[in-house]
Protein chains: 2
Amino acid sequence: MARKVSRRGGNIVTIHDVARHVGVSPMTVSRVINGEKNVREETRQKVMEAVEALNYTPNLAARSLASQDSSRIALIYSNPSMSFLSELLLGILEQSSQSGCQLTIESCDGPEGVADVLDKLKATGVDGVVLPPPLSDSSRVAKALKDMKLPFVGVATSRPSPDAPSVSVDDFKAAFAMTSRLIQLGHRRIGFIKGNPNSYYSQLRYEGYVAALAKAGLMAEETLVGQGYFTYRSGFDAAETLLVRADRPTAVFASNDDMAAGAVATAHRLGLDVPRDVTIVGFDDTSMASSVWPELTTVRQPISDMAALALKLLLDQIKTRRAGQTYAPVHEIRDFSIVERQSSAPLGEASTTE
Amino acid sequence: MARKVSRRGGNIVTIHDVARHVGVSPMTVSRVINGEKNVREETRQKVMEAVEALNYTPNLAARSLASQDSSRIALIYSNPSMSFLSELLLGILEQSSQSGCQLTIESCDGPEGVADVLDKLKATGVDGVVLPPPLSDSSRVAKALKDMKLPFVGVATSRPSPDAPSVSVDDFKAAFAMTSRLIQLGHRRIGFIKGNPNSYYSQLRYEGYVAALAKAGLMAEETLVGQGYFTYRSGFDAAETLLVRADRPTAVFASNDDMAAGAVATAHRLGLDVPRDVTIVGFDDTSMASSVWPELTTVRQPISDMAALALKLLLDQIKTRRAGQTYAPVHEIRDFSIVERQSSAPLGEASTTE
DNA sequence: ATACGCATTGATAGCGCTACCATTTTCAGG
DNA sequence: CCTGAAAATGGTAGCGCTATCAATGCGTAT
């Protein structure tokens, strides 16, 4: 009998082919590719080589069907800072295609709108939910999810729910580090633009700023702090108050990139050069940061990684729950970093670029 | 024997349950949910009702395993205007989860870098590729894909490959429409900021602008046209040349949103109010358009829909090819629309908002 | 040497769905 | 009423993988 021709493109290589090639059972191959123990090192090696040689890639559909772990997970977002969202999607997509889970993306209008989405999801049947900010910060949403007994995970939350895992950076520490960096650059009058007062992480960022100033023996002057709402426009407006003053700050730390970009626009409008006349820095390192000019110095969160990890945690949680065990939520903290671009400069230094 | 408890969350409903409920065979149910003919109307009705009643949703993993149509498709992007990308992702994701195909996202550095990515993909085995701009415009990439006999689809291409399907808007017509709108608002001196000269759609947008002017009996003055490269910075710079002149244009049409945002920044820097002193409009309606202030009037492309459709076309193509038939590429044109926000105003009108 | 425990491997039986072919039903025309 | 073809439906056999448990091999305590 002739070998059946696969209808799949080129990928006719199955686990059986690999098994035959090595001379073991498919089961052993399965164990190797899933990284289980109880496989002799020698065997593992041989299988690995065969996988490499035959260019085998597991069929995710078959895998999730067989292992019954195909989960439907939903990502619910509101107030999409698109740039944040896209990075998030990138990370989550990668992970989901690796884990072979079905992703649904839903949007809603703020924490209030979540209820509707949840109802809809309940009808279609989801197994878990990923919550980016600002939803991840809402205890109301957390409660709703908990009531539905739906596992979820928060991404970039500063106030993680005690019931659900989360992945975030240390907002306080990050804001502290950025502020310290500005001080190190020689700045003493450092302005700050707060984010939405409802957000806990907004609060943390502010506290980090204050703490860094304090450590350097500086005081957080109220007149140097503006209130924003994480939008470009709010940064634009808040910056005006800060920058029209004669004794304006030499540096402004906006607590997200959108507001920093708005602040830069205001600086320009007031005839101030950035960074020559004023240093402006942001937070998040969304695509906004590198698409405006001058490109923003900012605090980078590894959003994509965080999202991937979050999904993994969620899947773990679901698995654990299905096994009937109780899940102890873990709260992962990722490292941030400070990316220095063209919007910041040491105090008093004449010019930087061109 | 006790009913086996499913390990899946809530979704224990299988095609068998539905079949039993109606009193038909699973096969019939399968036919109904896949919209095949050869099912009596009466039967179809009953099955539909049962599906509804039991809240059945097909298991995609099982489906794609059984039907052998699980395709791996890759989205390759370069020069990610993140905002564009994220909209694209949203659309493609939705479609892919419906179609049960595996998505991989790959990035590369311009058309030159595609070769490497392609090699990698070839190794892991993909069945098709989705190409957003600017890659979708590159005949070099198209050729490489064709040589590999790898099906692909272009999103937002103005110069579709004769061998592959594509989805796009009519860039010429859109630019024509926007320019006409500016004329209708009373503007006569209308500047234009071109995009990257390598992009064909950039060319088309420019031609649309010129044609609209011509139709209104206006001439496209060379001094009113700036050269940009689709980046914020390039719009920022190009706008300066246009706007410092005493006889500056009263409106500037930048051929994408990033450049328009850059132009707005320049206008502000020069002490011009937008839109009071100058109207500035963009193209694409990416998130950039609504995150800057004033929010940009722009040409909206339904990116998300286009991406979803593109994926569908790609999957069709793959299916057709597998069936051994020849595929005649279709080129879909989607409708654009003009979204008027705060960055445009009728000529001479004192103020608009606040 | 015998037995026991542990690490390693293999055989079997599906996961939920659909392709394929066999079977039954339906209904026109004779 | 019969015949034959088309329409409608059902039965069977996997898709590629993994859970489960049985079987093997090996080292060590008895």
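Me: A polar contact is a pair of N or O atoms within 3.5 Å; within protein, one must be able to donate a hydrogen and the other to accept it, and residues adjacent in sequence count only if both atoms are side-chain atoms. The model is predicted, so to speak of local features pLDDT of at least 70 is needed, side-chain atom pairs count only at pLDDT 80 or more, and totals for chains, interfaces and linings use all residues. Residues are numbered from 1 along each chain as its sequence is written, chains are lettered from A and ligands numbered from 1 in the order in which they are written, and side-chain values use heavy atoms, with hydrogens and water left out. How far is a backbone N or O atom of Ile15(B) from a phosphate oxygen of DNA strand C?

Reply: Ile15(B) is among the closest residues to DNA strand C, alongside Ser25(A), Thr43(A), Ser30(B) and Tyr56(B). Its backbone N or O atom and the phosphate oxygen of strand C are separated by 2.4 Å.

Me: How many residues surround DNA strand C?

Reply: A residue is near a strand if one of its heavy atoms lies within 4 Å of it. Of the atoms of DNA strand C that come within 4 Å of the protein, sugar and phosphate account for 68%. Bases take part too: a backbone N or O atom of Ala62(B) lies 3.3 Å from a base nitrogen of strand C. The number of residues surrounding strand C is 26.

Me: Which helix gives the most to the surface near DNA strand C?

Reply: Helices (H or I, at least four residues) and strands (E, at least two) are DSSP runs, numbered from the N terminus. Both chains supply helices to this surface, with α2 and α4 of chain A and α1, α2 and α4 of chain B each giving at least two residues. With four residues, the one that gives the most is α4(B).

Me: How many residues of the surface near DNA strand D are charged?

Reply: Ala, Val, Leu, Ile, Met, Phe, Trp, Tyr, Cys and Pro count as nonpolar, Asp, Glu, Lys and Arg as charged, and the others, Gly among them, as polar. Near DNA strand D there are eleven nonpolar and eleven polar residues. The charged ones number four.

Me: Which helix has the largest share of the surface near DNA strand D?

Reply: Chain A and chain B both reach strand D: Asn38(B) places a side-chain N or O atom 3.3 Å from a phosphate oxygen, while a polar backbone atom of Ala62(A) is 3.3 Å from a base nitrogen. The largest share of the surface, four residues, belongs to α4(A).

Me: Why is one side of β2 and β11 of chain B left without a neighbour in the sheet, and which strand pairs with β11(B)?

Reply: The open sheet of six strands runs β2-β1-β3-β4-β5-β11, with parallel pairing. Strands β2 and β11 stand at the edges, so each has a single partner strand. Two strands pair if DSSP finds at least two bridges between them. Four bridges join β11(B) to its partner, β5(B).

Me: What angle does the direction of α5(B) make with that of β1(B)?

Reply: Contact means heavy atoms within 4.5 Å, and α5(B) touches β1, β2, β3 and β4 of chain B as it packs on the sheet. Axes are lines fitted to C-alpha atoms, for helices over the stretch in contact, and angles run from 0 to 180 degrees between N-to-C directions. For α5(B) and β1(B) the angle is about 175 degrees.

Me: How many of the residues of β1(A) are buried?

Reply: Buried means under 20% relative accessible area, exposed over 50%, partly exposed in between (1.4 Å probe, protein chains only). Arg72(A), Ala74(A) and Ile76(A) point one way from β1(A), and Ile73(A), Leu75(A) and Tyr77(A) the other way. Of the six residues of β1(A), the number buried is six.

Me: Is Asp285(B) buried or exposed?

Reply: Most residues other than glycine have a negative phi. Asp285(B) has a positive phi of about 55 degrees and sits in the loop between β9 and α12 of chain B. At a relative accessible area of 6%, Asp285(B) is buried.

Me: What is omega for the cis peptide bond that joins Val274(B) and Pro275(B)?

Reply: Pro275(B) lies in the loop between α11 and β9 of chain B. For the cis bond from Val274(B), omega is about 10 degrees.
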